[in-house]
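Hi everyone, thanks for coming along. I'd like to walk you through a structure that may be new to most of you, so let's get it up on the screen.

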Amino acid sequence: MQEMHKIFGEKKSFKERAKHIKKIKQFLLENIDEAIEVIYTSNGKTRFDAIGTEVLPCIMSIDYYTSSEARKILESRSIGPGHIMFANKRNFIEYLPVGVVGIISPWNYPFSIPFGEVIMGLVAGNAIILKVAKECVIIGEFIERCIAAAGLPEGLFYHLVARGSAAAKLMFDNGIDKLFFTGSVNVGKILMKQAADTLTPLSLELGGKDPMIVLEDANIERATNCACWAGYQNAGQSCGGIERVYVAASIYDEFVDLLAKKTKALRHGVDNDENDFNVDIGSITTQSQYNLIEEHVNEAVEEGAEIIAQSQSVGNIDGGLFYPATLLVNVSHDMRVIREETFGPVVPVMKFDTIEEAIELANDSDFALTCSVWTENTKLGKKIAREVQSGAACVNDHLYTHGMANTPWGGPKLSGLGRTHGELGLKEMCEAKLINTEILPSSFVPRNLWWYPFNKKGFEVMKNAAKFIGSDSYAKKLTAALAITPYSYNKMVSKWDLQNRSNNGHGFRNLLFFSTFLILLSSGITYFLIKYFN
């Protein structure tokens, strides 16, 4: 597999790799009904969720990762010398494929999460080993078919079917170059310990407890609409979904009343032809997750919280894991439903008196994946968004940025390490490599100023160099530069005199060399002074 990645990543251009990837979009379009079917039958979400939050974002991601914007992200770029002392240097940063990338994906977005990471990895020139959640192996098989449609070199993509712990061990034991994991905090910590043995780098997305802050000037109609969607969508099984709502006290009653009416208007149940798409919320995917949601809500109610609204069931839901959309009030910050990731269709709402209090409550969490601020004052919204600890922050929207392939996804604290998607995600799939060159030919400059041999005069010149670099006085900088220049030139353009340590060189070898040196020096000084005085 290492050899296959070299063939694909190093010998094929971005344009050639993108040509393969674009074929996947055509396959998806031709098989869109099958894609929806395998997603909603294996995961339990609605068909609307399957197309809207899984298939459609994947199609858009192909457009982005094969675009000129993505190509420019992965192109070599030059950076300046950084200082006049390195005026003869040129720097280039190359973004090279990591190698073999392992991806372990979850069951809540069983298609879009792994698909986007697979496409990122392939576009960047890597080989991929994918392990999907055990509940969704059929989706992993469908992704196999998607990748096969690209006509990639054989062996570049491998779908591994194994238990999560066994799959990770296999990947580490066989020398993957990086692992991308989306899942629980506990498993993320285990993977970090396993990766430590080989110092295998990780990108971890481990969940969220995302706050929604609603200011008194917010549009309550839009805010409650989004609280419903981002709180209950996918049966609440979204890492970046709304799990805490903080509402300004002056509009709290109006907000809660409208949100309660909308919660009661929602329908949960089996999304099938019999129900004619009249289902808003599907099922919880696993029994253990259903039990945790029930536990959080029951504990909250026992501790004083109140359920004021729930969605209505549609059709026969006997034997299914259908938890109703649930609106909670009278909650406190010491309740598990506020502090821990519930990962279900449960929206607890609290009031606040000041913006400072809202920010403090929002930041009082071990997670920091996303957040949202609701106000008609965009400037104020952006200010608050900067102060709330999160990897992504929206003003007057929530959750949807995961579907924007060009924006980064991930967050600090227990939400994980690294980023996926967009420029940052593409660069996570690469090793950044510096290539440093000289402007003047080596025959012009056989030595650097700081190379051997050392002597007292050279030591004094280095002290003057420090004064030139560090002084805030233009006059002192000029004096130091004049003291540095003759010795520096003599040493750098002359051969090493092995017979005489104190000999600084053989003088100015020719006027052309010295003129070139002065041009470089004056250009560097001009650049530095412009930057300094600006």
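**A first walk through the model**

Let me start at one residue, Glu428, which sits in helix H16, residues 422–428. Before going further, please keep in mind that this is a predicted model.

So, is Glu428 buried or exposed? Glu428 counts as buried, because its relative accessible area is 17% and the cut-off for buried is under 20%. And what does Glu428 touch, once we set aside residues up to four places away in sequence? The list is Val98, Lys178, Phe180, Ser203, Gly418 and Arg419.

Now let's zoom out to the whole chain. The protein chain has 534 residues, and 54% of them count as buried. Its secondary structure comes to 19 helices and 18 strands. Along the principal axes, the C-alpha trace spans about 95 × 60 × 40 Å. If you take the contacts between residues at least 6 apart in sequence, 73% of them join residues at least 24 apart.

Next, the inside. In soluble globular proteins, nonpolar side chains tend to be buried together. Here, the largest nonpolar core has 77 residues, and the ones with the most contacts inside it are Ile24, Leu28, Phe111 and Phe115. Which helix gives the most to this core? That is helix H4, residues 47–65, with 7 residues. There is also a second, separate core, this one of 59 residues, and Val214, Val245, Val337 and Phe352 are among them.

Let's stay with Phe111 for a moment. Leaving out neighbours within four places in sequence, Phe111 is in contact with Leu28, Ile39, Val55, Cys58, Ile139, Phe142, Ile143 and Cys146, and also with Glu54.

That brings us to charged pairs, since Glu54 forms a salt bridge with Lys45. The closest N and O atoms of that pair are 2.6 Å apart. Where does this pair sit? Glu54 is buried, with a relative accessible area of 0%, and Lys45 is buried too, at 2%.

How many salt bridges does the structure hold? There are 21. Let me show you two others. Arg71 pairs with Glu75, and their closest N and O atoms are 2.5 Å apart. Here Arg71 is partly exposed, with a relative accessible area of 31%, and Glu75 is partly exposed as well, at 33%. Then there is Asp173 with Lys169, where the closest N and O atoms are 2.7 Å apart. Both of these residues lie in helix H8, 4 residues apart, which is about one turn of the helix. Asp173 and Lys169 are both exposed. Some salt bridges also share partners: Glu295, Glu299, Arg336 and Glu340 are joined that way into one network.

Now for the empty space. Rolling a probe the size of a water molecule over the atoms shows where empty space is left. In this model, the largest pocket holds about 1,000 Å³ of space. It is lined by 39 residues, and the closest to its centre are Phe181, Gly183, Ser184, Val185 and Val187. Several elements give two or more residues to the lining: helix H8 (164–173), strand E6 (178–182), helix H9 (185–196), helix H12 (287–302) and helix H13 (336–339). Which of them gives the most? It is H9, with 6 residues. By class, the lining of this pocket divides into 16 nonpolar, 14 polar and 9 charged residues.

There are cavities as well. A search of the whole structure finds 4 of them at 30 Å³ or more. The second largest holds about 60 Å³ of space. Its lining is made up of Ile113, Glu117, Thr182, Glu205, His402, Trp409, Thr420 and His421. Sorted by class, that gives 2 nonpolar, 4 polar and 2 charged residues.

One last stop, at Ser313, which is found in strand E12, residues 312–314. Ser313 is partly exposed, with a relative accessible area of 44%. Compare its place with that of Val279: the two are 34 residues apart in sequence, and 8.7 Å apart in space from C-alpha to C-alpha.

That's the tour. Thanks for listening, and do feel free to turn the model around on the screen while we chat.

Terms used
Residues numbered from 1 in each chain as written. Predicted model: local features only at pLDDT ≥ 70, side-chain atom pairs only at ≥ 80, totals over all residues. Heavy atoms only, no water. Core = buried A, V, L, I, M, F, W, Y, C linked by side-chain atoms within 4.5 Å. Buried < 20%, exposed > 50% of the residue type's maximum accessible area, 1.4 Å probe, protein only. Contact = heavy atoms within 4.5 Å. 1 Å grid on protein atoms, 1.4 Å probe; cavity = no way out; pocket = protein on both sides within 12 Å on 5 of 7 lines; lining within 4 Å. Points joined across faces, edges and corners; volume = space filled by probe spheres on them. Nonpolar A, V, L, I, M, F, W, Y, C, P; charged D, E, K, R; others polar. Salt bridge = Lys/Arg side-chain N within 4 Å of Asp/Glu carboxyl O.
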